[in-house]
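Q: Got a minute to walk me through this one? Short answers are fine.

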Amino acid sequence: MVVYIDLIFLANLFIDAVLLMVTAWMRKIRPVWWRLMVSAGIGAMYVVMMFVPELSFLFTFLIKLALSVIMLLVAFGFGSMQKYLRTMGAFYMINFVAAGGILGMHYFLQNTGELFNGIWYTASGGMSFELKIAFWFILCAFGGVMLFFRIVQSSKQRTERMSGFLGQVQVWIGQDHIECTGLLDTGNQLYDPLTRTPVMVMEAALWESYLPASWLRKCSEGNADQMVMELGDESFSWQDRVRLVPYRGINRNHSFMLAIKPDRVEVVMNGVHFVHHRVLIGLDGGTLSAEGKYRAIIHPDVTAQEEGSVDTNQKRDAHFSEHFTESG
């Protein structure tokens, strides 16, 4: 059997460097590139030592643990015990994900004959598995697993960041009310140009029990300006509450949005209860969130502290309201 030490060293240098970079990304650390490469080199040299019989005593649990401690110290430094232990936990978790992903992909691509040819029984009745994974398969599978892991983690982090801007929305018109989850958009500057009333956007489908069917269809088609001309054609109890709000779309074209004037809007966000009486509800004919996480866009003025707000923690809520008032 011919063993190419240089290929083994370079492959492990690449793998260790990627593992350390993903660890740094996950822990939000900006590593020094040369320290990261030195750390990866230490890990690659350790694998090469496997082929030196005289160094077999190095391949024990304690030595492997000590090696990982040294690699992380070289790559990221120490900082504090809590910070270091979290970095080590992230490093081991990423290693286990990579190893498990490569094994899972290997067995997923095997057929039945290949799988059973690798299983054999010992004299004592135990079962053993013979694992043969090609060198290039390991590299390709490793890259795919790390890419998939990063995509999943990025999605999770976006969801966690978004959760701090989600709130429960209730829109009241008389005794009727609509409830949904809304996303606070601090960059929302949509106002009624005549009255300077803030406009909060909601999916029109939430109002299907109250609006004429033809109105919902025109909302989805983007023909909101035609609805006002048809007010006399269909019976609608909230006709005096209907407004048309001009706005500029993403493509910079001007259009109109159908809006309704409610009696009040209540928003509960991060334990704070906001009540706003001067707001319009703009109706969007599409879907605001592809994943269904929210169905309304909360205007920042709605979360500004006012007389109708209820404080659950005065100090925290004052800071929260002040922050968003400045953002709006």
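Q: How far does H1 reach from its first C-alpha to its last?
A: H1 has 22 residues and reaches 31 Å. That is close to the 32 Å expected at 1.5 Å a residue. The expected span is 1.5 Å times one less than the number of residues. Helices here are DSSP runs of H or I with at least four residues, strands are runs of E with at least two, and both are numbered from the N terminus.

Q: Ground rules before we go on?
A: This is a predicted model, where local features need pLDDT of at least 70, side-chain atom pairs count only at pLDDT 80 or more, and totals for chains, interfaces and linings use all residues. Residues are numbered from 1 along each chain as its sequence is written, and side-chain values use heavy atoms, with hydrogens and water left out.

Q: What follows H1?
A: Lys28, and its phi is positive, near 55°.

Q: How many helices and strands are in the chain?
A: The chain has 9 helices and 11 strands.

Q: And what share of the residues is buried?
A: Of the 328 residues, 38% are buried. Buried means under 20% relative accessible area, exposed means over 50%, and partly exposed is in between (1.4 Å probe, protein chains only).

Q: How much area does the chain expose?
A: About 19,400 Å², with carbon and sulfur atoms supplying 60% of it. Accessible areas come from the Shrake-Rupley method with a 1.4 Å probe, and for residues only the protein chains shown count as cover.

Q: On to H2. Why does its span agree with what is expected?
A: H2 has 16 residues, so at 1.5 Å a residue it should span 22 Å, and its end C-alpha atoms are 23 Å apart.

Q: Which H2 residues are buried?
A: Leu36, Ser39, Ala40, Gly41, Gly43, Ala44, Tyr46, Val47 and Val48.

Q: What covers them?
A: The cover includes helix H1 (5-26) and helix H3 (61-76).

Q: Trp34 is in H2 too. Why does Trp34 count as partly exposed?
A: Because its relative accessibility is 49%. Trp34 also belongs to a nonpolar surface patch of about 540 Å², along with Val32, Trp33, Met37 and Val38. Patch residues have over 30% relative accessible area and no salt bridge; like charges are joined within 9 Å, and nonpolar side chains (Val, Leu, Ile, Met, Phe, Trp, Tyr) within 5 Å. A salt bridge is a side-chain nitrogen of Lys or Arg within 4 Å of a carboxyl oxygen of Asp or Glu.

Q: Switching to S5. Which way do its residues point?
A: Val199, Val201 and Glu203 point one way, Met200 and Met202 the other, and all are buried.

Q: In which sense does S5 pair with S10, parallel or antiparallel?
A: Parallel, over 5 bridges. Two strands pair if DSSP finds at least two bridges between them. In S10, Leu283 is the bridge partner of Met202.

Q: What about S5 and S11: parallel or antiparallel?
A: Antiparallel, over 2 bridges. Here Met202 stands opposite Ala296.

Q: Where does Arg196 lie?
A: In the loop between strand S4 (176-184) and strand S5 (199-203). Leaving aside neighbours within four places in sequence, Arg196 is in contact (heavy atoms within 4.5 Å) with Tyr191 and Arg278.

Q: How far apart are Arg196 and Arg278?
A: They are 82 residues apart in sequence and 9.8 Å apart in space, C-alpha to C-alpha.

Q: Is Thr186 buried, partly exposed or exposed?
A: Partly exposed, with a relative accessible area of 28%. Thr186 is found in the loop between S4 and S5.
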